[in-house]
Protein chains: 2
Amino acid sequence: MTARFTPRLAPRPMDPVMRRLRTLAPLSEDELALLRTMVERRERHAPGEELVAEGYPPRRPRFVVSGWACRQRVMPDGRRQIFGFLLPGDGLGLGERPGPPALAGIVALTAVETVDAEPVMEAVAAGRAPGLKQAIEQAARLEHALLLDHVVRLGRQTAYERVAHFLLELQHRLEIAGFGDAQRFPLPLTQEILADVLGLSIVHVNRTLQQLRRERLIELRSGVAILLQPDMLSSISDYRRPALALRKSAS
Amino acid sequence: MTARFTPRLAPRPMDPVMRRLRTLAPLSEDELALLRTMVERRERHAPGEELVAEGYPPRRPRFVVSGWACRQRVMPDGRRQIFGFLLPGDGLGLGERPGPPALAGIVALTAVETVDAEPVMEAVAAGRAPGLKQAIEQAARLEHALLLDHVVRLGRQTAYERVAHFLLELQHRLEIAGFGDAQRFPLPLTQEILADVLGLSIVHVNRTLQQLRRERLIELRSGVAILLQPDMLSSISDYRRPALALRKSAS
DNA sequence: CGGGGGTTTGACGAACGTCAATCGGGGTGG
DNA sequence: CCACCCCGATTGACGTTCGTCAAACCCCCG
């Protein structure tokens, strides 16, 4: 919305994708060039729009280039559980090729832009993009690691620990995608959404956030989170970066 | 321990594996024969033994042929979260081939017997076992579905609902593997283990089980669970069989 | 006859949810 | 430019679920 006369100053749309994939595996110049071309087939999604409906075969594979989405399931009585977030740079539907019915819905939480990832998947399938192949495998592995962390949070951590742990996870992922720094990052979520990720009520999320603020561990202002004492938060919540979990897999 | 003079009456060790894989994909006679040969390289694990240590590259791929194990993580202060169970017929380490560090430990809960699954993985890799390839893909998919169910249980269900939901899941999985029937199945778990799966305290698991018994929904006696009113349990816990989640994937 | 692991029970407290009211800020139509 | 409005954040009061501590119990085995 500010880039009308400054296209060069606007962050290039594929940057988050490239940044993220490069942390997962080394990419060749050709592979980076391929990623840059994908900026073409872009698609816009309004907040609340369902990118993938639970129980239906997913759309073609895509990358999120801006905005936030989530994987979720809604119970018949309206209770909702969010499994995790899709941030800029993340892929969706990259796993299974033709696509069996989705196990969870994917919903845009903010305005979201995605690009078609089909060219990448073709190049990978044709053996023309070994770096991308490895990066996508690593991404799948990382997603699984995040899901396991989530289970521990929900099953064995208090509200206080859950919030701290979750904020650290977001900070880490967003920094990789090129948003924010070691302490500060965008957080465009309502407390209702936080509640549905963390398995808490809205009111209790609110109170827990207040406690963290009162103790000068975090600050929250208009969509921006600041971790005032990241290491304190880590020790409170037993947070560890998933980086160590990565390793070369099959060549 | 009873089969000393009646080897033919003892259940054949590979039965659970074959039963389960056949519900995931049609298998050829050759594939079934291959599975039967694996009965050779069997391995025994005592209760408490760590089949895979968290953070270390996993052993070679295996199938569980008898006994129960679990995937788990232990926090530094001793809190434990169990991610799910490995029942007879289930595989472990079938996904990634050389094997990056395991994201969770795998521990035997009872005496466990496993067989080496390497021959199967070789046949699959060589393109000689399309049915097994598909079955193993489906197994991975099913494991993911179970993990998502688990997240919903922990994040959005009450203790009462969690226990009901979990018992139904076990009944279903065990019946597929050839144990128990539509109402009755072996349950060789202490309440401490149940607590660590369900994200509850031992005491509260106990009270919840009592409530279910008092209401004549279940019975528990010496390692056997009986679901007296399975459909009541389903409606209480919003349980749905994951069967529908399955579909043909890439050919 | 003891022991030991697992189960059950009671009493109590802390964590978390629910209900309902209020507050606050940004957007929008006049 | 301003008043209004609406969604989300905040707060208080209260109830429930669930955890903790500690003791008793039970059963199988040695």
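The following conversation goes through some contacts, burial values and strand pairings in a predicted model.

Me: What makes A:Ser201 and B:Gln191 residues that surround DNA strand C?

Reply: A residue is taken as near a strand if one of its heavy atoms lies within 4 Å of it. The residues that surround DNA strand C number 15, and among the closest are A:Ser201, B:Gln191, B:Asn206, B:Arg207 and B:Gln210. By class, the surface near DNA strand C has four nonpolar, eight polar and three charged residues.

Me: How do you know which parts of DNA strand C lie within 4 Å of the protein?

Reply: Of the atoms of DNA strand C within 4 Å of the protein, sugar or phosphate accounts for 65%, while the rest belong to bases. For DNA strand D the corresponding value is 66% sugar or phosphate, and again the rest of those atoms belong to bases.

Me: Why is the pair formed by B:Gln210 and a phosphate oxygen of DNA strand C called a polar contact?

Reply: The cut-off for a pair of N or O atoms is 3.5 Å, and a polar side-chain atom of B:Gln210 lies 2.8 Å from a phosphate oxygen of DNA strand C, so the pair counts as a polar contact. The side chain of B:Arg213 has an N or O atom 3.2 Å from a phosphate oxygen of DNA strand C, and for A:Ala159 a backbone N or O atom lies 3.1 Å from a phosphate oxygen of that strand.

Me: Which contacts involve a phosphate oxygen of DNA strand D?

Reply: An N or O atom in the side chain of A:Gln210 is 2.7 Å from a phosphate oxygen of DNA strand D, and for the side chain of A:Arg213 the distance is 3.2 Å. A backbone N or O atom of B:Ala159 lies 3.1 Å from a phosphate oxygen of DNA strand D. Each of these values is within 3.5 Å, and therefore each pair is a polar contact.

Me: Which helix supplies the largest share of the surface near DNA strand D?

Reply: The largest share, five residues, comes from α7(A), although α7 of chain A and α7 of chain B each supply at least two residues of that surface. Near DNA strand C, the largest share, also five residues, comes from α7(B).

Me: What makes the two faces of strand β7 of chain B count as covered?

Reply: Buried means under 20% relative accessible area, and B:Gly105 and B:Val107 on one side, together with B:Ile106 and B:Ala108 on the other, are all buried, which leaves both faces of the strand covered.

Me: How do you know that β7(B) pairs with strand β2 of chain B?

Reply: Pairing requires at least two bridges, and strand β2 (residues 50-52) of chain B and β7(B) have two bridges in the antiparallel sense, so the two strands pair. In β7(B), B:Val107 is the bridge partner of B:Glu50. Strand β4 (residues 69-74) of chain B also pairs with β7(B) in the antiparallel sense, over four bridges, and there B:Cys70 stands opposite B:Val107.

Me: Why is the pair of B:Glu113 and B:Arg44 called a salt bridge?

Reply: The limit is 4 Å between a side-chain nitrogen of Lys or Arg and a carboxyl oxygen of Asp or Glu, and the closest N and O atoms of B:Glu113 and B:Arg44 are 2.8 Å apart, which fits a salt bridge. B:Glu113 lies in strand β8 and B:Arg44 in strand β1, so the pair ties together parts that are 69 residues apart in sequence.

Me: Is each partner buried or exposed, that is, B:Glu113 and B:Arg44?

Reply: B:Glu113 has 13% relative accessibility, which is under 20%, so this residue counts as buried. B:Arg44 has a relative accessible area of 66%, which is over 50%, so this residue is exposed.

Me: What does the salt bridge of B:Arg80 with B:Asp196 tie together?

Reply: The closest N and O atoms of B:Arg80 and B:Asp196 are 2.8 Å apart. Because B:Arg80 lies in strand β5 and B:Asp196 in helix α6 of chain B, the pair ties together parts that are 116 residues apart in sequence. Both residues, B:Arg80 and B:Asp196, are buried.

Me: Why is A:Arg36 called partly exposed?

Reply: The relative accessibility of A:Arg36 is 42%, which falls between 20% and 50%, so the residue counts as partly exposed. A:Arg36 forms a salt bridge with A:Glu29, with the closest N and O atoms 3.3 Å apart, and A:Glu29, at 54%, counts as exposed.

Terms used
Residues numbered from 1 in each chain as written. Chains lettered and ligands numbered in written order. Predicted model: local features only at pLDDT ≥ 70, side-chain atom pairs only at ≥ 80, totals over all residues. Heavy atoms only, no water. Polar contact = N/O pair within 3.5 Å; in protein donor to acceptor, adjacent residues only side chain to side chain. Nonpolar A, V, L, I, M, F, W, Y, C, P; charged D, E, K, R; others polar. Buried < 20%, exposed > 50% of the residue type's maximum accessible area, 1.4 Å probe, protein only.
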